[in-house]
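Here are some short exercises to work through with the model open beside you. Try each task before reading its solution.

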Amino acid sequence: PYRLRQVCSECNRGAKQDRNLENILMDCKDAISALKDEIKNDPKSKTPSESKQMSSINYLLSYLMYLRLVRTIERNNLLVQQAEEARKNNQPIDGKKVRPQDLTRLYEIILQNYTELQQLPGFETDGGYQKEIDIELKAYRAFRCYYIAQVLTGLRRFREALAMLERCSTYTSESLASKLQDKQLINKLKILEQDIESCKFEVHADSVLEDDDDEDTKYSSGKLYKDKKPLVDRLDDYREESHVLTKNPNIFKMPPPMEAVPCKPLFFDLACNFVEFPNLDDKTGAANNKKQGAGIT
């Protein structure tokens, strides 16, 4: 009962936090829309300024967009936390089982939000700000690679999964070596670093077991194997096939397929010029015709 009350209280707290973030995002959206309308109606904003510096109202717009993106990232992190807990406890969310694809999609949205943070007007040349965003981007790329590897493992694509885990390990180590300010993100990266090693062993074991199953299936005499190709076309592939010993074995295709051949090969045309034929004039009567006259002269 105590555990049940604790889970219910955490769910209520998470739902309350989600509602608060939704309200903040709606307020930010309304404020941004009102500010854009004011900038549009301001005659000063329509005239090009000689200096390339942004006005204070444009900086205010960038700040509001920054707040909206940061709160969106917080909300998506909350959704990720709920999805990870539900997947760990094998509990559905909205009647659906949580899959690695769902978490991958959430991390894709977070990465897109960070990309928009980098492109905010007025902050493109801020080196410190851009470096901080790059560090956090690399950390979230590690989480995305981890769940992509799990998706590939489910698809039995073990080589791609191991390659993705190696990239995930690289991102994790680089993020932990950098100066991350978010302590919660640092703790998640440390846990991820341990999960990567265990996941590598699982993927490697699954790939070895699948190879063994393929070998057993290939050379197993207990299972019937039937191939549409005739035996003459697959002599290099050994399989024990009982139907070869039947009355109608699939050994060679009869009749063989038709092949086009030349009606008068060129070789014999050339060879005919060098063949010496015997003189058959005495047998054909050509010699007697030569002795007779040619007719009226």
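**Exercise 1. Surface and burial**

Find how much accessible surface the protein has, and what share of its residues is buried.

*Solution.* Keep in mind that this is a predicted model.
- Step 1: the accessible surface of the protein comes to about 22,500 Å².
- Step 2: carbon and sulfur atoms account for 54% of that surface.
- Step 3: turning to burial, 25% of the 297 residues count as buried.

**Exercise 2. The overall fold**

Work out how many helices and strands the protein has, and what share of its contacts between residues at least 6 apart in sequence joins residues at least 24 apart.

*Solution.*
- Step 1: the secondary structure amounts to 10 helices and zero strands.
- Step 2: written along the sequence, this gives the pattern α-α-α-α-α-α-α-α-α-α.
- Step 3: among contacts between residues at least 6 apart in sequence, 58% join residues at least 24 apart.

**Exercise 3. Helix α4**

Compare the reach of helix α4 with its expected span, then list its buried residues.

*Solution.*
- Step 1: helix α4 covers residues 100-118, which makes 19 residues.
- Step 2: from its first C-alpha to its last, α4 reaches 27 Å, close to the 27 Å expected at 1.5 Å a residue.
- Step 3: the buried residues of α4 are P100, L103, T104, L106, Y107, I110, L111, N113, Y114, L117 and Q118.

**Exercise 4. A charged network**

Determine which residues are linked with D102 in a network of salt bridges.

*Solution.*
- Step 1: recall that side chains of opposite charge can pair when their charged atoms come close.
- Step 2: D102 forms a salt bridge with R99, and the closest N and O atoms are 3.7 Å apart.
- Step 3: D102 also meets R105 in a salt bridge, at 3.3 Å from N to O. Both R105 and D102 belong to helix α4, where they sit three residues apart, about one turn of the helix.
- Step 4: put together, R99, D102 and R105 are linked in a network of salt bridges.
- Step 5: check the accessibility of each member. D102 is partly exposed at 23%, R99 is partly exposed at 43%, and R105 is partly exposed at 47%.

**Exercise 5. A bridge between helices**

Identify the salt-bridge partner of K138, and say which helices the pair links.

*Solution.*
- Step 1: the side chain of K138 meets that of E174 in a salt bridge, 3.1 Å from N to O.
- Step 2: this pair links distant parts of the chain, with K138 in helix α5 (residues 127-154) and E174 in helix α6 (residues 158-177), 36 residues apart.
- Step 3: K138 is partly exposed, with a relative accessible area of 28%, and E174 is partly exposed at 37%.
- Step 4: for the wider tally, the structure holds seven salt bridges.

**Exercise 6. Two cysteines**

Explain why C145 does not bond to C168.

*Solution.*
- Step 1: a disulfide needs two cysteine sulfur atoms within 2.5 Å.
- Step 2: the closest cysteine sulfur to that of C145 belongs to C168 and lies 5.9 Å away, so the gap is too far for a bond.
- Step 3: seen from the other side, C168 is in no disulfide, and its nearest cysteine sulfur is that of C145.
- Step 4: C145 is buried at 3% relative accessibility, and C168 is buried at 0%.
- Step 5: a search of the whole structure agrees, finding zero disulfides.

Conventions
Residues numbered from 1 in each chain as written. Predicted model: local features only at pLDDT ≥ 70, side-chain atom pairs only at ≥ 80, totals over all residues. Heavy atoms only, no water. Helix = DSSP H or I, 4+ residues; strand = E, 2+ residues; numbered from the N terminus. Expected span 1.5 Å × (residues − 1). Buried < 20%, exposed > 50% of the residue type's maximum accessible area, 1.4 Å probe, protein only. Salt bridge = Lys/Arg side-chain N within 4 Å of Asp/Glu carboxyl O. Contact = heavy atoms within 4.5 Å. Areas by Shrake-Rupley, 256 points an atom, 1.4 Å probe, with all protein chains shown as cover.
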